[in-house]
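Subject: Structure handover

Hello,

Here is the structure for you to work with. My notes on what was found come after it.

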Amino acid sequence: MKMALLVKAILTTSTSHITISKDKFVSYTISEGVMKTANKSRIMHPYQKISLKLKRIDLVETLKISPPEIQNPASTTAYVIVNDTSEWTFGPEYSYDMNITYVIKPDPHDHVQKIQLISTVKCRPKTSDTIFCHLYNITISEIFENYNMTREAQTEQVFEIKFNEHGVEGLVIEPPSRMELVNVLRKIATQFNVIVDRRNIDMSQFMARENSTMGDCAAAYKIMREEAESDTIEEINTDFRLRILPLVDAKPGMTLSIEKSRMGCINPPRYVDFSRGILDMRRFVSKIQVNSNKFETFTEFDGIVRYPTEESEMETLSFKEIIQINLNSIEPAPNELPTLSYPELVDLNTNNDIPSNFIN
């Protein structure tokens with residue numbers, strides 16, 4: 001009958017060595033000790049060496065693509081699932097769905113007229129403070145009573161959105177450009193003005209001034225985080241994942257919501273695109289939602305337009321503008337980044353004209 005041997009082990013030394021260079025990573029640890037049986041009849045000196053050596057580095061199936069941090073003041077980092085990294089030679093291209101809807105009601109008891117502009121905007125990082133964008137042709141739908149018309153407008157144009165430490169600084173365009181199209185580009189750029197100071201991302205409410213299509217406005221911010229329960233997180237069928245850079249500790253499935261209500265705008269536009277009546281702003285609210293699978297912006301503007309009639313009386317119509325910009329996909333850019341031949345920086349305010357030599 002064999003008896004179990006009781007052994008007492010004592011670690012005497014343990015030494016690690018790590019060597020790192022541009023083409024080498026080697027790590028090994030040597031441990032020595034003493035082992036004694038219970039009656040001290042036997043004494044052993046065990047020796048252990050553990051080594052780890054970097055053999056090679058292979059490309060994995062996930063490629064991390066970081067847009068400029070200043071590109072979106074509530075910045076995100078995109079993780080894109082790819083099979084062939086060679087396709088990404090020219091970097092990423094972000095594709096956004098654009099929808100601008102105008103709702104016009106001349107009288108409380110009259111029929112509503114609706115005009116909808118639908119297009120695609122594709123943007124690429126250019127520098128740390130600029131993104132290069134391409135607006136494609138806009139599909140215009142008009143609905144009034146039994147009248148319904150859809151047509152395509154020739155609106156294709158490239159432009160740049162320039163940022164500074166407070167968000168969107170302005171728009172970079174080149175001639176010739178139609179004034180009404182420049183104002184559409186200004187509205188698109190305003191949607192990327194997410195938050196004027198990322199340091200306030202942990203605050204639930206704060207006030208700040210920011211640039212917009214309505215001029216320099218005071219904005220009341222409300223920031224909310226919605227934590228998703230683990231059993232409700234669903235796998236969305238997208239080829240990208242977004243992580244909000246200021247919230248490095250954000251849990252999977254968390255949604256960041258930013259709401260801002262603008263007021264007290266300095267030098268606001270007096271007119272709207274479709275009428276020469278005097279514009280009076282009543283409400284100007286934006287909502288932004290970001291989580292691992294989406295980046296969505298929604299802006300609603302409500303106003304009253306007053307205009308004279310032939311009888312020298314003032315009539316009014318209610319006016320609502322809804323702008324939506326949603327990230328649809330992130331794909332490999334197809335070619336080298338184009339450049340603007342005669343770039344000119346213009347601000348976001350639709351009340352300000354552009355140089356006369358720029359107007360088509």
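The notes below go from the whole chain to the core and then to the disulfides.

Please keep in mind that this is a predicted model; every value here is computed from it.

Overall make-up. The protein chain contains 1 helix and 21 strands. Of its 360 residues, 41% are buried. Taking contacts with a separation of 6 or more, 60% are between residues 24 or more positions apart. The exposed area of the protein chain comes to about 21,100 Å², and 50% of that area is supplied by carbon and sulfur atoms.

Core. The largest nonpolar core has 62 residues. Which of them touch the most other members? They are Phe-159, Ile-161 and Ile-188. Helix α1, which spans residues 179-191, gives the most to this core, contributing 7 residues. For Ile-188, leaving aside residues up to four places away in sequence, the residues touched are Met-98, Val-121, Leu-135, Phe-159 and Ile-325. Phe-159 therefore appears twice in this account, as a residue with the most core neighbours and as a contact of Ile-188. As general background, nonpolar side chains in soluble globular proteins tend to be buried together.

Disulfides. Searching the whole structure turns up 2 disulfides. With bonded cysteines counted along the chain, their pattern is 1-2, 3-4.

One disulfide is between Cys-123 and Cys-133, with an S to S distance of 2.1 Å. Cys-123 sits in strand β8 (residues 113-127) and Cys-133 in strand β9 (residues 130-135), so this bond ties together parts that are 10 residues apart in sequence. The link of Cys-123 and Cys-133 is right-handed, with 110° about the S-S bond. Both Cys-123 and Cys-133 are buried.

The other disulfide joins Cys-217 to Cys-265, at 2.0 Å from S to S. This pair connects distant parts of the chain, 48 residues apart: Cys-217 belongs to strand β15 (residues 215-226) and Cys-265 to strand β17 (residues 255-266). The link of Cys-217 and Cys-265 is also right-handed, with 110° about its S-S bond.

Are Cys-217 and Cys-265 buried or exposed? Buried means under 20% relative accessible area. Cys-217 has a relative accessible area of 0%, so Cys-217 is buried. Cys-265, with 17%, is buried as well.

Regards

Technical notes:
Residues numbered from 1 in each chain as written. Predicted model: local features only at pLDDT ≥ 70, side-chain atom pairs only at ≥ 80, totals over all residues. Heavy atoms only, no water. Helix = DSSP H or I, 4+ residues; strand = E, 2+ residues; numbered from the N terminus. Buried < 20%, exposed > 50% of the residue type's maximum accessible area, 1.4 Å probe, protein only. Contact = heavy atoms within 4.5 Å. Areas by Shrake-Rupley, 256 points an atom, 1.4 Å probe, with all protein chains shown as cover. Core = buried A, V, L, I, M, F, W, Y, C linked by side-chain atoms within 4.5 Å. Disulfide = S-S within 2.5 Å.
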